[in-house]
Amino acid sequence: PPEEVEDASEPTKRDRSHLENTLKLNEDKPADDVSGVLQRLRKIYHSSIKPLEQSYRYNELRQHEITDGEITSKPMVLFLGPWSVGKSSMINYLLGLDDTPYQLYTGAEPTTSEFTVIMHGPKLKTIEGIVMAADSARSFSPLEKFGQNFLEKLIGIEVPHKLLERVTFVDTPGIIENRKQQERGYPFNDVCQWFIDRADLIFVVFDPTKLDVGLELEMLFRQLKGRESQIRIILNKADSLATQELMRVYGALFWSLAPLINVTEPPRVYVSSFWPHEYHPDTHKELFLKEEISLLEDLNQVIENRMENKIAFIRQHAIRVRIHALLVDRYLQTFKDKMTFFSDGELVFRDIVEDPDKFYIFKSILAKTNVSKFDLPNREAYKDFFGINPITSFKLLSQQCSYMGGCYLEKIEKAITRELPDLLGSIGLGKKPNVLSCDVTGCGETPKNRYKK
């Protein structure tokens with residue numbers, strides 16, 4: 001009968017129930033209230049971190065000031081990887097956008113030339129990048145600094161989907177190995193860095209049928225340094241290969257990525273086909289489904305730990321601000337020590353900036369308490385920094401104290417060592433002890449008083 005023929009051309013779709021169950025999309029439970037924690041976080045940031053940040057113009061070094069929109073923003077999941085590996089298809093699949101007017105374009109050609117932010121909204125609509133950047137309540141206002149050319153390549157899509165109430169997806173233009181960055185017309189790497197710095201989960205997606213790890217990708221992994229725990233590698237379209245071939249590709253992928261990711265344990269690689277269609281017959285369907293479910297569990301974990309991640313992010317930021325302040329203070333102190341009545345200030349300072357090691361600037365910072373050498377910014381960055389900000393425009397840390405407010409440095413140290421960890425602890429108390437911590441907490445048994453008669 002003719003019906004069957006028609007059926008054959010239309011690939012059958014897989015059941016989506018595992019998606020809904022794992023991501024808890026059907027539960028009508030009220031979202032846990034985090035507004036109190038956010039208020040306290042905002043207060044610690046404004047009173048203990050921001051003053052030092054502004055006083056030493058940290059944002060000119062890292063181009064990273066934190067806006068209120070960012071403190072309150074949802075977790076962000078970033079999709080990176082070469083073009084045409086199925087990043088957009090994967091987002092369409094997770095959100096069930098296939099065959100709706102708002103599905104992201106997919107195809108064999110490099111399609112996505114924009115950074116597409118998929119977020120929650122009451123009804124389907126697109127938002128221009130210029131509008132997104134102008135709205136300071138959103139966390140994207142700092143993107144304005146990348147210029148008009150970039151904002152034309154930024155687009156927002158609002159979708160009324162349960163998952164997006166708790167997370168935001170960002171689809172990025174594919175990495176094209178044989179193309180020059182300049183052709184993009186905006187600082188692609190800097191923009192990527194901005195998103196990488198803020199992403200709670202970074203999916204690096206590969207297509208097993210075309211595995212080329214070239215310079216652009218190496219560059220990308222260099223930018224991912226320090227974010228290894230957020231990276232998940234996805235070998236997509238896995239059902240397009242026979243098992244033996246797939247094993248070979250899996251090995252090859254690991255082999256080419258190993259030198260790029262120097263961590264003690266290799267990153268998690270998920271092997272599956274992330275799209276709505278049935279897997280190819282004669283391939284490892286059970287494996288692919290299991291892998292997909294673990295990826296969804298990973299995503300769910302990030303959503304559930306969003307407050308912990310946010311506090312850790314602000315604390316990491318505070319640590320960098322503190323190191324920056326100590327360094328500028330040290331440059332300034334060295335400058336003051338070297339200056340005499342007759343010396344030419346500019347020459348003296350140029351000498352210090354050109355060769356900070358001669359004056360033990362970075363070494364002396366490491367000697368301070370809890371500064372890790374991995375957190376030190378590079379020396380070159382300070383040449384540029386002092387090129388824009390003359391050393392004489394800064395004050396020493398010892399002078400940044402007020403009678404009422406105390407000292408800036410002490411405040412930020414208190415935030416790093418006490419206030420933020422305490423805030424983190426207060427969330428832990430509210431959560432149900434999970435299976436993992438039962439051996440530690442005894443799963444909520446009340447401690448017995450051994451001294452009571």
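**Entry 1: where two helices meet**

I looked up the contact of helix α13 with helix α16 in this predicted model. On the α13 side I found His324, Leu327, Val328 and Tyr331, and they meet Tyr382, Phe385 and Phe386 of α16. Sorted by class, this contact has six nonpolar residues, one polar and no charged ones.

I reminded myself that residues three or four places apart in an α-helix point the same way, because the helix has 3.6 residues a turn.

Next came the geometry. Helix α13 covers residues 306-338 and helix α16 covers residues 379-388; they pack at an angle of about 70°, with their axes 13 Å apart. An angle of 65 to 115 degrees counts as roughly perpendicular, so that is how I describe α13 and α16. Their crossing is right-handed.

**Entry 2: the sheet**

In what order do the eight strands of the open sheet lie? I traced β3-β4-β2-β5-β1-β6-β7-β8, with mixed pairing. At the edges are β3 (125-128) and β8 (268-271), each pairing on one side only. On average, neighbouring strands are turned by 25° against each other, direction ignored.

I picked one pair to follow: β2 (residues 115-120) and β4 (residues 154-159) run in the parallel sense over six bridges. Here Met119 stands opposite Glu158 in β4.

**Entry 3: helices on the sheet**

Helix α9 packs on the sheet and touches β1, β2, β4, β5 and β6. Its direction makes about 140° with that of β1. Nine of the eleven residues of α9 are buried, so this helix is largely enclosed by the rest of the structure; Trp194 and Phe195 are among the buried ones.

Helix α11 (residues 243-257) lies across β6, β7 and β8, and runs at about 145° to β7.

How values were computed:
Residues are numbered from 1 along each chain as its sequence is written. This is a predicted model: local features need pLDDT of at least 70, side-chain atom pairs count only at pLDDT 80 or more; totals for chains, interfaces and linings use all residues. Side-chain values use heavy atoms; hydrogens and water are left out. Buried means under 20% relative accessible area, exposed over 50%, partly exposed in between (1.4 Å probe, protein chains only). Helices (H or I, at least four residues) and strands (E, at least two) are DSSP runs, numbered from the N terminus. Axes are lines fitted to C-alpha atoms, for helices over the stretch in contact, and angles run from 0 to 180 degrees between N-to-C directions. Angles under 35 degrees count as roughly parallel, over 145 as roughly antiparallel, 65 to 115 as roughly perpendicular and the rest as oblique. A crossing is left-handed if the near helix is turned anticlockwise from the far one by less than a right angle, and right-handed if clockwise. Contact means heavy atoms within 4.5 Å. Ala, Val, Leu, Ile, Met, Phe, Trp, Tyr, Cys and Pro count as nonpolar, Asp, Glu, Lys and Arg as charged, and the others, Gly among them, as polar. Two strands pair if DSSP finds at least two bridges between them.
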